[in-house]
Amino acid sequence: EDINDIWEKQFLKVAKHSKKITIIDRYFGKNLCDDILIETSTKKTCLHKFIELLSIANKKYNVNIFTVGDGKNSQMHLDIEAYARRLLQKPGVGNTVSSLTISSCDDIVFRDHSHERYICFESFIYKIDRGMKIFSPFPQVATSISVDRNIAGSTFNHALQELMKKRLWVY
């Protein structure tokens, strides 16, 4: 199934009623760096495609991402920050993103507290087997997506609390 169709069926309605998006994806940093290497005008990174799809709702979002991004000043850290700066300068992105925060946490924190990959639109949490990779330009394999209400004590909220306490760097 095409990501544009998946967005329209699964995410658009919830995105229209949200302002804050929190993404927890252990592999986002690695996948973004892979995407950066093959990015062209027709092949967008997972993050750029996600923002492009958000723009359909014609509103602004605060986007917070937690991932493994290696240590401060590592090559991955520098690549992610440089790309984020470039992305925020692209036409239309500023009309969709009020703020973009990317936090790196050690892989051990994800291993111990967040096996799942989540995209949370305030009141709704999407658990996505492939995480943000579903927005990548690479050919996709099947993935499952489930949605639940965001309630206190959820595995998402537990993971978020642990990740926030143990950040290695923040962009």
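**Asn-64 and the strands around E4**

Asn-64 is buried in this predicted model, with a relative accessible area of 18%. That counts as buried because the cut-off is under 20% relative accessible area. The residue is found in strand E2, which covers residues 61-67. As for what Asn-64 meets there, its side chain makes a polar contact with the side chain of Thr-101, at 3.4 Å. Thr-101 also turns up among the residues in contact with Asn-64 once neighbours within four places in sequence are set aside. The others on that list are Lys-20, Ile-21, Thr-22 and Ile-23.

Ile-23 leads on to the next piece of the picture. Strand E1 spans residues 20-24 and runs antiparallel to E4, with four bridges joining the two. Within that pairing, Ile-23 has Ile-119 of E4 as its bridge partner.

Strand E4 itself takes in residues 118-121, and both of its faces are covered. In a regular strand, side chains alternate between the two faces of the sheet. Here, Tyr-118 and Cys-120 sit on one side, while Ile-119 and Phe-121 sit on the other, and all four are buried. So Ile-119, the bridge partner of Ile-23, belongs with Phe-121 on one side of E4 by the alternation described for strands, and is buried.

E4 also pairs with strand E5, residues 124-128; these two run antiparallel and are joined by four bridges. Phe-121 stands opposite Phe-124 in E5. The hairpin made by E4 and E5 has two residues between the strands, and Glu-122 takes a positive phi near 45° in it.

Terms used. Residues numbered from 1 in each chain as written. Predicted model: local features only at pLDDT ≥ 70, side-chain atom pairs only at ≥ 80, totals over all residues. Heavy atoms only, no water. Buried < 20%, exposed > 50% of the residue type's maximum accessible area, 1.4 Å probe, protein only. Pairing = 2+ DSSP bridges. Polar contact = N/O pair within 3.5 Å; in protein donor to acceptor, adjacent residues only side chain to side chain. Contact = heavy atoms within 4.5 Å.
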